[in-house]
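Subject: Structure handover and notes on charged pairs

Hello,

The structure we discussed is below. My notes on the charged side chains and one hairpin follow it.

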Amino acid sequence: MLAEIDAVVTKRELVKVRLLDSVDGHRKDIAKRLADRAGTELVQVLGRTVLLFRRNGENPVLDLPK
C-alpha cells in the first residue's frame, strides 16, 4: 500500500486514501502514522477519507499560493 501511495503522490502530488470500516483506532492518529510512513504531509481527515500531499521537486503539478 505504501508503494502505491508513493507512486501516486509522486505523479500527482495529492492523493485521497479511504480508510476501511474495519480499521481500528482513532482516524486522525492512523492518518498521521500513514503520512509519516508514506513521507507525505497530512492535509485533511474528513470522515474516513485522508488527504495526503508531497511536493514533486522536479515537476510540480499544483501551483500553491505563497
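Is E13 buried or exposed? E13 counts as buried, because its relative accessibility is 0% and the cut-off for buried is under 20%. Please keep in mind that this is a predicted model.

Salt bridges

The count comes to 3 salt bridges.

E13 takes part in one of them: its side chain meets that of R55, with an N to O distance of 3.6 Å. R55 sits in the segment after β3, while E13 is in the loop between α1 and β1 (14-18), and the two are 42 residues apart. R55 is partly exposed, with a relative accessible area of 39%. The bridge therefore has a buried acid, E13, and a partly exposed base, R55.

A salt bridge also joins R54 and D6, at 2.6 Å from N to O. This pair links distant parts of the chain as well: R54 belongs to the segment after β3 (49-53) and D6 to helix α1 (residues 2-12), with their positions 48 residues apart. R54 has a relative accessible area of 22% and is partly exposed. D6 is also partly exposed, at 34% relative accessibility.

The side chains of D21 and R48 form a salt bridge too, at 3.1 Å from N to O. D21 lies in the loop between β1 and α2 (27-38) and R48 in the loop between β2 (41-46) and β3, so the pair ties together parts that are 27 residues apart in sequence. D21 is exposed, with a relative accessible area of 64%.

As general background, side chains of opposite charge can pair when their charged atoms come close.

R48 and the hairpin

What else does the side chain of R48 reach? The R48 side chain comes to 3.2 Å from the backbone oxygen of L20. Beyond its neighbours within four places in sequence, R48 is in contact with V17, R18, L19, L20, D21, V23 and R27. The salt-bridge partner D21 is thus part of a list that also includes L20.

R48 is located in the loop between β2 and β3. These two strands pair in the antiparallel sense, over 5 bridges. Across the pairing, E41 stands opposite F53 in β3. The hairpin has 2 residues between its strands, and G47 takes a positive phi there, near 65°.

Regards

Notes
Residues are numbered from 1 along each chain as its sequence is written. This is a predicted model: local features need pLDDT of at least 70, side-chain atom pairs count only at pLDDT 80 or more; totals for chains, interfaces and linings use all residues. Side-chain values use heavy atoms; hydrogens and water are left out. A salt bridge is a side-chain nitrogen of Lys or Arg within 4 Å of a carboxyl oxygen of Asp or Glu. Helices (H or I, at least four residues) and strands (E, at least two) are DSSP runs, numbered from the N terminus. Buried means under 20% relative accessible area, exposed over 50%, partly exposed in between (1.4 Å probe, protein chains only). Two strands pair if DSSP finds at least two bridges between them. A polar contact is a pair of N or O atoms within 3.5 Å; within protein, one must be able to donate a hydrogen and the other to accept it, and residues adjacent in sequence count only if both atoms are side-chain atoms. Contact means heavy atoms within 4.5 Å.
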